[in-house]
Amino acid sequence: MLEKLSEILRKATDRIANAIFLDKNIVDSIIRDLQRALIEADVNILLVKEISDRIRKSALDERIKGLEKKEHIIKLLHDELSGILGEYRQLKLQKKQNRIMFLGLYGAGKTTTVAKLGNYFSKRGNKVALVGLDTHRLAAAEQLKQLAEKHKLSYFIEADGKNPLKIWKKYEKKLKDFNVVLIDTAGRMHTAKNLLKEIEKIVRVCKPDVKIFVGESITGNDAIEQAKSFNWSIGIDGIILTKADIDEKGGTALSVGYVTKKPILYLGTGQEHDAIEVFDKKKFIKRLGL
């Protein structure tokens, strides 16, 4: 993960540090190459501009020379990216029941992520229930059932259910026995207004404590736009990026929090039942070589 983004930032700082003469034309050339590479790595265009402006200002600061300049720029980038990624925020469970709802597009890995987090919380002594409210995808209930049984988790589904609100109301009393309730919802396009209206109703009825957007790290700016739309429509509380283990670019992870101002909570890192990790911004920035 992050190989491409790390290489981009390293090359830019090396060129600035190694330049014998560093006038405005050379800096502009380096910045143009950097901008092009960052955009190819799926970094949000506004973030590209912000990073570029910061590097340009430091590169042209005549008070800072050679390797000292490179170190200064690396520190500047480190601090800038740390600020963009926001305060480290782990998903902390409350003493009362915790209702966590998962939202996103078709095929982003919501159901698998629900099961992974169910396993994660169960191993830490919580009584976990998985609730299937995806009535759009034919195999959704069966998939959730299989994953729940594999992880020895309680689950509540309706194999042929048509109305997610009726499914929720049917099991609502039984769910009181669990301190962690993970709610799987149907995938929906962020541009489909009728489906977004449906999820708004589901949110009002289920009253989740936390709403998490699940998106694929490898889809770049598409995932960023999706997260932005869901946040505007229902207000998300955090983000999980799946397939982070095969994301060589890294731009989505950097940009999605910048655009939504919401924290990345977890990264999906493979197909195994425990292949999910808490997002650690210090580790993320270290992987970038900063």
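This passage describes salt bridges and one annotated span in a predicted model.

The structure holds 11 salt bridges. One of them joins the side chains of Arg-56 and Asp-28, with an N to O distance of 3.3 Å. Arg-56 belongs to helix α3, which covers residues 45–59, and Asp-28 belongs to helix α2, which covers residues 24–40. The pair therefore ties together parts that are 28 residues apart in sequence. The two partners fall into separate accessibility classes. Arg-56 has a relative accessibility of 25% and counts as partly exposed. Asp-28 has a relative accessibility of 14% and counts as buried, because buried means under 20%.

Arg-56 and Asp-28 also take part in a network of salt bridges. Lys-24, Lys-49 and Asp-53 are linked in this network as well.

A second salt bridge is formed within helix α2. Here the side chains of Asp-33 and Arg-36 meet, at 3.1 Å from N to O. Both residues lie in helix α2. They are three residues apart, which is about one turn of the helix. Asp-33 is partly exposed, at 33% relative accessibility. Arg-36 is also partly exposed, at 46% relative accessibility. Partly exposed is the class between under 20% and over 50%, so the values for Asp-33 and Arg-36 both fit it.

A further salt bridge connects the side chains of Lys-243 and Glu-216, with N to O at 2.5 Å. This pair links distant parts of the chain, 27 residues apart. Lys-243 sits in the loop between β6 (238–242) and α10 (251–260). Glu-216 sits in strand β5, which covers residues 210–216. The accessibility classes of these partners can be stated in turn. Lys-243 is partly exposed, with a relative accessible area of 33%. Glu-216 is buried, with a relative accessible area of 15%.

The annotated span comes next. An unreviewed UniProt entry lists residues 263–276 under "domain: SRP54-type proteins GTP-binding". In the model, this span is 43% strand and 0% helix. The C-alpha atoms at the two ends of residues 263–276 lie 16 Å apart.

Notes. Residues numbered from 1 in each chain as written. Predicted model: local features only at pLDDT ≥ 70, side-chain atom pairs only at ≥ 80, totals over all residues. Heavy atoms only, no water. UniProt positions renumbered as here; feature names shortened; annotations may be inferred. Helix = DSSP H or I, 4+ residues; strand = E, 2+ residues; numbered from the N terminus. Salt bridge = Lys/Arg side-chain N within 4 Å of Asp/Glu carboxyl O. Buried < 20%, exposed > 50% of the residue type's maximum accessible area, 1.4 Å probe, protein only.
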